[in-house]
Amino acid sequence: MKQYFNARVAVVIVYVLAMFMSALDSTIVNVALPAIGEAFDVPPSATGTINIGYLVSLAMFLPAAGWFGDRFGTKRVFLAALALFTIASALCGIAHNMFTLNLYRILQGIGAGFLTPVGMAILFRTFTHEERPKLSRILIIPIALAPALGPVIGGLLVDVLSWRWIFYINIPVGILALVIGKVYLQEHLEEAVGKFDYKGFLLSLSGFSMSIYALTQGTIKGWTSPEILITGLVGISFMIALVLVELRIDKPMINLSLLKDPMFRIMSLISLCSAAGLLGMLYVFPLMYQNALNVSALHTGLTTFLEALGLMAASQIMPWTLKRLGLERLLVFSLLGTIIVFILIALSASSNPWLLRVLMFGIGFFLGQTVGAAQISAFKHIDSASMSRATTLFNMQNRLGSVLGVAILASVLGATDTVEGEHIGLLTYQYALFGAAIFLIIAWIIAMRFKETENKRKPQLQSEDVERSKGIG
């Protein structure tokens, strides 16, 4: 019993360490871009490739994570991805030019693409649906705290030591997670995994990478530029072909049939819209606060950090509110609260800083309950054999939502940018924040229809039960 308990605790520790490292890396690099550009004597525009390579490689290999975990074992694949991410971090730290740094960032992205879905599959196979709400109190740490700490830690490391330490910091965390995982994680393989879906992999490899590239570079190079138009249209064509191919084969790499489950489908859509709204807001607000209101980077970081504290507070009470209100009402009320706070932030952009900090805390508090409840409820009806594919699909949608949110709101800002050096006005940033609220309104509408969908499903299940009982009789 003691060994079983330790193994379960170890799963949580390893997952939190790995996700914290991965989530921290998504924001800590941004503050170091100017220092990296200066070190390698490249213009600021050229440093953007450091993040592009990472995001594109992550998107390329994320769809294959579920199959690899089922075929070669979730423990083996997870530890291999963790080792790759850690080694790539060390290589990024010793990179001697932009080419090698971009190459090592691509390796990091490949490791990150496998880490999250495989790690989530291990976690959800270890703990039952009834136990998962309590896990949210711990799992919010990598989700909320790491991205918020990224700019703060990154700024300190760049100022006190060197930009190279934003990568070196991953090494001790990765080694600790590897040691604990090697000792305690249990292996899991699926016998009926099927052959590797080469068609699906190649289509997703091309479709997702080209689509992510077009979305992230559209506002920089222009949405009407031939490069963006061709890349985007070809990427979308590949993704449409991917859907058609995956629906026709027995063992697809991306199991779209999982979306037939109303719980998984609706929670996935709510998570996608929530990710788009939150990441879009976190992209726009710091720019507005610094460029339009002339607030320092430090004070901007301290203001947005309150959102992470709100998320952590939400994680502590979410199990209670979920039990008290039920899933449907919790989603409706928490999303409505988030929408109101988003609108208040847009209207109060130039108000007292403490009011904005309270509102930032409110975003984390309300949206944290939405995200936590949706994540643990999405897999309620997913069996162990389908868990890896389900976590892969869920994470793909979240990643797509994040990129869509940033890309669309960046387009709102870019649409009014001038070529003569004039800064974007405060009103434009406010419009973009209203745009972020629209994503949450879509999620709220979906949540409002959730009860209706479930009620439609229940009579069908009851009628099926009656037919089965007649057959048994």
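## A nonpolar surface patch

L229, I230, L233, V234 and F238 make up a nonpolar patch on the surface of this predicted model, with a combined accessible area of about 430 Å². One member of the patch, V234, belongs to helix α11, which spans residues 226–246. V234 counts as partly exposed, at 30% relative accessibility.

For the protein as a whole, the accessible surface comes to about 21600 Å². Carbon and sulfur atoms account for 67% of that surface.

## Overall architecture

The protein contains 17 helices and zero strands. It has 473 residues, of which 52% count as buried. Among contacts with a sequence separation of 6 or more, 84% are between residues 24 or more positions apart.

## Nonpolar cores

In soluble globular proteins, nonpolar side chains tend to be buried together. Here the largest nonpolar core has 112 residues. Within that core, the residues with the most contacts are F78, L123, F264, M267, I270, M281 and F379. Helix α12 (residues 262–292) gives the most to the core, contributing 14 residues. Another core, of 19 residues, lies apart from the largest one; A23, A95, L157 and W163 are among its members.

## Aromatic pairs

The model holds ten aromatic pairs. In one of them, F264 and F379 are arranged edge-to-face, with ring centres 5.8 Å apart and an angle of 65° between the planes. F264 lies in helix α12, whereas F379 lies in the loop between α15 (353–378) and α16 (387–415), so this pair ties together parts that are 115 residues apart in sequence. Both partners are buried: F264 has a relative accessibility of 0%, and F379 has one of 1%. These two residues are also listed among those with the most contacts inside the largest nonpolar core.

The rings of F365 and F366 have centres 5.7 Å apart and planes at 80°, so they too form an edge-to-face pair. In this case F365 is partly exposed, at 25% relative accessibility, and F366 is likewise partly exposed, at 28%. Elsewhere, ring pairs link F40, W163 and F167 into a cluster. W163 of this cluster is also a member of the core of 19 residues.

## Salt bridges

Side chains of opposite charge can pair when their charged atoms come close. Two salt bridges are present in the structure. In one, D70 pairs with R125, and the closest N and O atoms are 3.4 Å apart. D70 is part of helix α4 (residues 65–72) and R125 is part of helix α6 (residues 98–126), so this salt bridge ties together parts that are 55 residues apart in sequence. D70 is buried, its relative accessible area being 2%.

The other salt bridge joins the side chains of R76 and E187, at 3.9 Å from N to O. This pair links distant parts of the chain, 111 residues apart: R76 lies in helix α5 (residues 74–93), while E187 lies in the loop between α9 (170–184) and α10 (198–221). E187 is partly exposed, at 34% relative accessibility.

## Long-range neighbours of helix α12

Two residues of helix α12 illustrate its surroundings: L272 and C273. L272 has a relative accessible area of 18%, and it counts as buried because the cut-off for that class is under 20%. Leaving aside neighbours within four places in sequence, L272 is in contact with Q397, N398 and G401. The C-alpha atoms of L272 and N395 are 9.1 Å apart in space, although these residues are 123 positions apart in sequence.

C273 is buried as well, at 8% relative accessibility. Not counting residues up to four places away in sequence, C273 touches F439, I442, A443 and I446. From C-alpha to C-alpha, C273 and A443 are 5.7 Å apart, with a sequence separation of 170 residues.

Methods:
Residues numbered from 1 in each chain as written. Predicted model: local features only at pLDDT ≥ 70, side-chain atom pairs only at ≥ 80, totals over all residues. Heavy atoms only, no water. Salt bridge = Lys/Arg side-chain N within 4 Å of Asp/Glu carboxyl O. Helix = DSSP H or I, 4+ residues; strand = E, 2+ residues; numbered from the N terminus. Buried < 20%, exposed > 50% of the residue type's maximum accessible area, 1.4 Å probe, protein only. Contact = heavy atoms within 4.5 Å. Areas by Shrake-Rupley, 256 points an atom, 1.4 Å probe, with all protein chains shown as cover. Patch = residues over 30% accessible without salt bridge, like charges linked within 9 Å, V, L, I, M, F, W, Y side chains within 5 Å. Core = buried A, V, L, I, M, F, W, Y, C linked by side-chain atoms within 4.5 Å. Phe/Tyr/Trp six-rings, centres within 6.5 Å; stacked < 30°, edge-to-face > 60°.
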